Amino acid sequence: MDMRQITPRYNVSPQINAEDAQAIADAGIVRVICNRPDSEVPLSHQVKAIEVAVRAAGMDFAALPLTHQTMTPDNIAAQQALVDSADGPVLAYCASGTRCTVIWALGQAGKMPVDEILTTANRAGYAIDGLKPTLDAMAERG
């Protein structure tokens, strides 16, 4: 497992395994968010299998599968609500952690300076600088 902290409340990682659930709980995570569609993974890594393991380890679980086409304002708000309503730190996972970082970044547009969003993502190992024009436009719209 390659969990990377974006903020004190928001962490991302590539695909997790059911066997990772206890280590994730031991790291202080209270909610796991799956941002990966089932169509991308074998049965052993689909939402239901991971959800069972996560809940058995004592954490909350939510699924919000994302693709480039589904990075909509509604899904950005839904992801933010899942993070904000958690009683502690959250781990969001996808194939590499990039989608989870991108949706976080989109949710910060207008709340944080764009350069700070990009620097924060880069510190965690996610170079999303190509998103700068989109973030700038979103920040301008408020």
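The crossing of helices α5 and α6 is right-handed, and it offers a starting point for a walk through this predicted model. The axes of α5 and helix α6, the latter covering residues 132–141, come within 10 Å and cross at roughly 140°. The two helices are therefore oblique to each other, since an angle has to be over 145 degrees to count as roughly antiparallel. On the α5 side the residues that meet α6 are Val114, Asp115, Ile117 and Leu118, and their partners in α6 are Lys132, Leu135, Asp136 and Ala139. Sorted by class, this contact of α5 with α6 holds five nonpolar and three charged residues, and no polar ones.

From α5 the path leads back along the chain to α4. Helix α4 spans residues 98–108 and helix α5 spans residues 114–123; their axes come within 10 Å and cross at roughly 160°. That angle makes α4 roughly antiparallel to α5. The crossing in which α4 passes α5 is right-handed. To this contact α4 brings Thr101, Trp104, Ala105 and Gln108, while α5 brings Ile117, Thr120 and Ala121. The contact of α4 with α5 comprises four nonpolar and three polar residues, with no charged residue. Ile117 of α5 thus appears in the contact with α4 and also in the contact with α6.

The next neighbour of α4 to consider is α3. The axes of α3 and α4 come within 9 Å and cross at roughly 95°. These two helices are therefore roughly perpendicular to each other. Asn75, Ile76, Gln79 and Gln80 of α3 make the contact with Ile103, Leu106, Gly107 and Gln108 of α4. In this contact of α3 with α4, three residues are nonpolar, five are polar and none is charged. Gln108 of α4 takes part here, as it does in the contact with α5.

The last stop is an enclosed space. Rolling a probe the size of a water molecule over the atoms shows where empty space is left. A search of the whole structure finds one cavity of 30 Å³ or more. The largest cavity contains about 40 Å³ of space. Which residues line the largest cavity? They are Tyr10, Ile76, Gln79, Gln80, Val83, Ile103 and Trp104. Two elements, α3 (73–84) and α4, give two or more residues to this lining. Helix α3 gives the most, with four residues. By class, the lining of the largest cavity has five nonpolar and two polar residues, and no charged ones.

Several names in the lining are already familiar from the contacts between helices. Ile76, Gln79 and Gln80 line the largest cavity, and these residues of α3 also touch α4. Ile103 is another lining residue, and in α4 it belongs to the contact with α3. Trp104 lines the cavity as well, and it is one of the α4 residues in contact with α5.

Definitions and conventions
Residues numbered from 1 in each chain as written. Predicted model: local features only at pLDDT ≥ 70, side-chain atom pairs only at ≥ 80, totals over all residues. Heavy atoms only, no water. Axes fitted to C-alpha atoms, helices over the stretch in contact; angles between N-to-C directions. Parallel < 35°, antiparallel > 145°, perpendicular 65-115°, else oblique. Left-handed = near helix turned anticlockwise from the far one by under 90°. Contact = heavy atoms within 4.5 Å. Nonpolar A, V, L, I, M, F, W, Y, C, P; charged D, E, K, R; others polar. 1 Å grid on protein atoms, 1.4 Å probe; cavity = no way out; pocket = protein on both sides within 12 Å on 5 of 7 lines; lining within 4 Å. Points joined across faces, edges and corners; volume = space filled by probe spheres on them.
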